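Good morning, everyone. Please bring the structure up on your screens, and I will walk you through the ligand sites and the cavities.

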Amino acid sequence: MAFAVTRNTDLRSDVDRTAILAEPGFGTHFTDHMVRIDWTAASGWGEGQVVPYGPLTIDPACAVLHYGQEIFEGLKAYHQPDGSVAAFRPQANAARMQRSARRMAMAELPTELFVESLAALVQADRSWVPETIDKSLYLRPFMIATQTGLGVNAPSQAYTYLLIASPAGSYFKGGVKPVTVWLSTDYTRAAPGGTGEVKCGGNYAASFAATAQAAEQGCDQVVWLDAAEHRWVEEMGSNNLGFVYGSGPGARIVTPALTGTLLPGITRDALLQVAQDLGYAAEEGKVSVEEWRDGCASGAITEVFGCGTAAVVTPIGEVRGVDGSFSVGDGAAGGAGPVTTALRDRLVGIQTGTQPDPHGWMHTLT
Ligand code: PLP
Ligand code: COI
């Protein structure tokens with residue numbers, strides 16, 4: 001589909017854009033354009049449009065504002081050494097958005113249209129793609145239910161898909177700093193049959209109270225445990241988790257299995273493969289809080305990290321909970337362990353085009 005482009009006549013100045021790209025932070029500055037595609041039950045997906053970035057006009061009675069029918073995605077586009085711009089596994093994000101849509105009874109955006117929308121926006125906002133290796137353009141596709149009416153007996157019959165973009169800096173100012181995490185036993189993120197395995201806004205709305213509690217405990221992030229027993233480790237904040245057992249070439253990486261309550265992260269999936277490419281054993285499994293604590297005490301578990309698109313790989317240095325605290329590896333004052341570092345470097349190398357891409361993960365957008 002060709003996207004209809006309405007150019008923004010009030011572009012950010014070169015001076016402003018250059019200043020933003022020098023210190024982009026995360027999710028605070030947005031590019032000059034956005035994509036919009038409307039869907040109705042009667043007509044399906046309408047024309048793809050690139051329009052100036054700006055506020056939306058929506059009816060105060062529309063479904064997203066009352067019942068939270070909203071889903072989103074997050075992926076990055078990276079400047080490549082040959083001057084092109086490529087996204088990391090955009091088809092995987094398209095597929096996950098379709099699964100999210102099915103769970104939330106929303107319209108599914110076809111993969112081709114999803115990927116074309118990324119290309120259309122990145123082409124329009126090409127000058128917003130940072131060129132340094134530690135920065136990228138974060139792409140935020142999302143969809144809202146726009147039907148007017150307060151009835152809850154049927155899902156919305158109208159949706160709007162939007163795509164915005166935000167230059168993103170490295171999460172790692174001055175090196176990869178380990179975080180301290182709070183084992184959340186007062187709150188749960190997801191329960192079987194719920195929405196934990198999809199990316200709907202409501203999951204994040206429900207997480208803020210737990211994140212605030214983690215902060216009160218002096219922690220950077222919350223670790224989610226299973227809803228029934230608060231025993232099995234699921235995720236960290238909005239990241240998946242990796243546990244490194246042993247060290248050196250014999251190290252083994254375990255990530256909590258996808259039980260239906262975890263988000264199937266694309267970084268998680270990629271790291272399972274990257275770990276094997278680097279010669280490590282990598283598998284999905286079950287890790288309990290006791291095993292985590294005992295493993296750190298005995299030295300069986302040497303490193304633990306969170307992984308996701310925004311921060312890539314974040315080491316965990318200290319774990320706190322109602323039963324006390326313990327350190328992982330060299331603790332919060334240490335750095336990233338060697339396995340965590342090797343995984344991160346290989347993944348970032350593929351994304352930034354400085355290392356080969358044997359699995360065909362990079363998709364050129366422009
Ligand atoms: N878990 C949750 C709850 C998330 O929100 C995210 C990030 O979007 C992830 C894990 C990591 O997923 P991905 O690697 O696809 O970014
Ligand atoms: C991630 O991409 O790793 C995230 O944590 C996503 C978050 C900004 C919703």
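Why does ligand 2 lie between domain 1 and domain 2? Look at who gives residues to the shell around ligand 2. Domain 1, residues 4-168, does, and domain 2, residues 179-352, does as well, so ligand 2 lies between them. One note before I go on: this is a predicted model.

Let's stay with ligand 2. The residues around it are F26, F72, R140, S238, N239, G308, T309 and A310. By class, that shell holds three nonpolar residues, four polar ones and one charged one.

Now the polar contacts of ligand 2. Start with S238. An N or O atom in the S238 side chain is 2.5 Å from an oxygen atom of ligand 2. Two backbones join in. At A310, a backbone N or O atom sits 2.8 Å from an oxygen atom of the ligand. At T309, a polar backbone atom is 3.2 Å from an oxygen atom of ligand 2. How much of ligand 2 does the protein bury? Alone, ligand 2 exposes 290 Å², and the protein buries 83% of that.

On to ligand 1. It has 15 residues around it, and K199, Y204, E235, T267 and T309 come nearest. You have met T309 already, in the shell of ligand 2. The shell around ligand 1 divides into four nonpolar, seven polar and four charged residues. Which elements supply at least two residues each to this shell? They are helix α7, residues 266-277, and strand β16, residues 301-308.

Here are three polar contacts of ligand 1. The side chain of Y204 has an N or O atom 2.4 Å from a ligand oxygen. R96 offers a polar side-chain atom, 2.8 Å from an oxygen atom of ligand 1. I266 uses its backbone: a polar atom there is 2.8 Å from an oxygen of the ligand. As for area, ligand 1 has 390 Å² accessible on its own, and the protein covers 96% of it.

Next, the empty space. How many cavities of 30 Å³ or more does the structure hold? Two.

Take the largest cavity. Its volume is about 90 Å³. It has 13 lining residues, and Y78, F88, T267, T309 and Q351 lie nearest its centre. Three elements give two or more residues to that lining: β6 (75-79), α7 and α9 (338-351). The largest share comes from β6, with three residues. By class, the lining has six nonpolar residues, six polar and one charged. And where does this cavity lie? Both domain 1 and domain 2 give residues to its lining, so the largest cavity lies between them.

Now the second largest cavity, with about 60 Å³ of space. Its lining residues are L241, G242, I253, T255, R268, L271, L272, F305, C307 and L343. Seven of them are nonpolar, two are polar and one is charged. Strands β13 (240-245), β14 (252-256) and β16, along with helix α7, each supply at least two residues. Helix α7 gives the most, three residues.

To close, follow helix α7 on your screens. It supplies residues to the shell around ligand 1. It also helps line the largest cavity and the second largest cavity. Then follow T309. It is among the residues nearest ligand 1, it belongs to the shell of ligand 2, and it is one of those nearest the centre of the largest cavity. Thank you.

Technical notes. Residues numbered from 1 in each chain as written. Chains lettered and ligands numbered in written order. Predicted model: local features only at pLDDT ≥ 70, side-chain atom pairs only at ≥ 80, totals over all residues. Heavy atoms only, no water. Near = heavy atom within 4 Å. Polar contact = N/O pair within 3.5 Å; in protein donor to acceptor, adjacent residues only side chain to side chain. Areas by Shrake-Rupley, 256 points an atom, 1.4 Å probe, with all protein chains shown as cover. Helix = DSSP H or I, 4+ residues; strand = E, 2+ residues; numbered from the N terminus. Nonpolar A, V, L, I, M, F, W, Y, C, P; charged D, E, K, R; others polar. 1 Å grid on protein atoms, 1.4 Å probe; cavity = no way out; pocket = protein on both sides within 12 Å on 5 of 7 lines; lining within 4 Å. Points joined across faces, edges and corners; volume = space filled by probe spheres on them. Domains from an automatic or database assignment.
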